[in-house]
Amino acid sequence: MKRIYAYYESIQTVPQPEEFQKANYWKTSWEKNGWECVMLNKSHAQGSNLHAKLIAKLMKVALGMPQELLPRFPHLLARYSRLAALHAAGGGWLSDYDVVNIGFTPEMAEKYENNTLIVAPDVPSYLFYATREHCGAMISKLLYSEFVIGGKFLPESEILDIKVNIDEIIANLAHCETSEKMKESIF
């Protein structure tokens, strides 16, 4: 069975019961479409030999960050720590846990896995496919890249300059803001 990973890190300002509900709906939707679901966390990220360097880079970013963006900094840490967790896990597919799978099958995924790095385009990326080597290369590139320009966080696809057409995949996913919207998408 093909695996899909998600990454969870507790952020104090975010209501945890809602996040747990999202994670449960995430798992339900992906399993319904034939995937084995694995939730990664901070301890997995720390298993990557690149995690400490990435966190050090992000702390430097925080020092130069506009004051109005600082409340979002814990989200930025989690957003990039998930790459280290996927690196430690050996690579594969990773989605945010607020993404409902409405038809993306493991068979469809195999068409995209021919050693190609995949990142959802033009948004803070909610879906990746990366080998362990890709994860390492992504993190290494992030260590020397800007994260914030003009007072906004840059999407991963822009930082990493990745332009792979994954419209077929995106059409089979729903990136939801609330667990209620996730529930409506599944049932």
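**Exercise 1. Place strand S1 among its neighbours.**

Which residue in S3 does Tyr5 stand opposite? Work out from there how S1 is paired on its two sides.

*Solution.*

Step 1. In this predicted model, Tyr5 stands opposite Leu94 in S3. Strand S3 covers residues 91–95, and two bridges join S1 to S3, with the strands running parallel.

Step 2. Turn to strand S2, residues 36–40. Five bridges join S1 to S2, and these strands also run parallel. Here the bridge partner of Tyr5 is Val38. Tyr5 is thus matched with Val38 in S2 and with Leu94 in S3.

Step 3. Look at the connection from S1 to S2. Helix H1 (residues 16–32) joins with S1 and S2 to make a β-α-β unit, and the unit is right-handed.

Step 4. Check how covered S1 is. The strand spans residues 3–7, and four of its five residues are buried.

**Exercise 2. Assemble the sheet and find its edges.**

Give the order of the strands, then state which strands stand at the edges.

*Solution.*

Step 1. Start from S3 and move on to S6 (residues 127–131). S3 and S6 pair in the antiparallel sense over five bridges. Two of the matched positions are Gly92 with Ala130 and Ser95 with Leu127.

Step 2. Continue from S6 to S5, residues 118–119. This pair is antiparallel, with two bridges. Val119 has Phe128 as its bridge partner in S6.

Step 3. Put the pairs together. The order is S2-S1-S3-S6-S5, an open sheet of five strands with mixed pairing. S2 and S5 stand at the edges; each has a single partner strand, so one side of each is left without a neighbour in the sheet.

Step 4. Set this against the whole chain, which has nine helices and nine strands.

**Exercise 3. Explain the cover on S6.**

Is S6 enclosed or open on its two faces, and which residues show this?

*Solution.*

Step 1. Recall the general rule: in a regular strand the side chains alternate between the two faces of the sheet.

Step 2. Sort the residues of S6 by side. Leu127, Tyr129 and Thr131 are on one side, while Phe128 and Ala130 are on the other.

Step 3. Check burial, for which the relative accessible area must be under 20%. The residues on both sides are all buried, and both faces of S6 are covered. Five of five residues pass, so S6 is largely enclosed by the rest of the structure.

**Exercise 4. Describe the nonpolar cores.**

Which elements supply the largest core, and which one gives the most?

*Solution.*

Step 1. Begin with the general expectation that, in soluble globular proteins, nonpolar side chains tend to be buried together.

Step 2. The largest nonpolar core has 39 residues; those that touch the most other members are Leu58, Met65, Leu76, Tyr80, Met138, Leu142 and Phe147.

Step 3. Two or more residues come from each of S1, helix H3 (51–63), helix H4 (73–89), S6, helix H6 (132–142) and helix H7 (156–160). H4 gives the most, nine residues.

Step 4. Take Leu58 as a sample. Apart from neighbours within four places in sequence, Leu58 contacts Phe73, Leu76, Leu77, Tyr80 and Phe147.

Step 5. A second core is separate and has 29 residues; among them are Tyr25, Trp26, Met108 and Cys176.

**Exercise 5. Compare the settings of Ser179 and Arg72.**

Classify Ser179 and Arg72 as buried, partly exposed or exposed, and locate each.

*Solution.*

Step 1. Ser179 lies in helix H9, residues 179–186. Its relative accessible area is 8%, so Ser179 is buried.

Step 2. Find what Ser179 touches. Outside its neighbours within four places in sequence, the contacts are Glu18, Gln21, Lys22 and Tyr25.

Step 3. Arg72 lies in the loop between H3 and H4. With 44% relative accessibility, Arg72 counts as partly exposed.

Step 4. Relate Arg72 to Tyr25. They are 47 residues apart along the chain, and their C-alpha atoms are separated by 24 Å.

**Exercise 6. Judge the overall form of the chain.**

Does the radius of gyration agree or disagree with that of a compact globule?

*Solution.*

Step 1. For 187 residues, a compact globule would have a radius of gyration near 16 Å; the chain has 16 Å, so the two agree.

Step 2. Along the principal axes, the C-alpha atoms fill a box of roughly 45 × 35 × 30 Å.

Step 3. Of the 187 residues, 53% count as buried. Among contacts with a separation of 6 or more, 79% join residues 24 or more positions apart.

Step 4. The accessible surface is about 9,200 Å², and 52% of this belongs to carbon and sulfur atoms.

Conventions:
Residues numbered from 1 in each chain as written. Predicted model: local features only at pLDDT ≥ 70, side-chain atom pairs only at ≥ 80, totals over all residues. Heavy atoms only, no water. Buried < 20%, exposed > 50% of the residue type's maximum accessible area, 1.4 Å probe, protein only. Pairing = 2+ DSSP bridges. Right-handed = clockwise from strand over helix to strand, strands pointing away. Rg over C-alpha atoms; globule rule 2.2 N^0.38 Å. Contact = heavy atoms within 4.5 Å. Areas by Shrake-Rupley, 256 points an atom, 1.4 Å probe, with all protein chains shown as cover. Core = buried A, V, L, I, M, F, W, Y, C linked by side-chain atoms within 4.5 Å.
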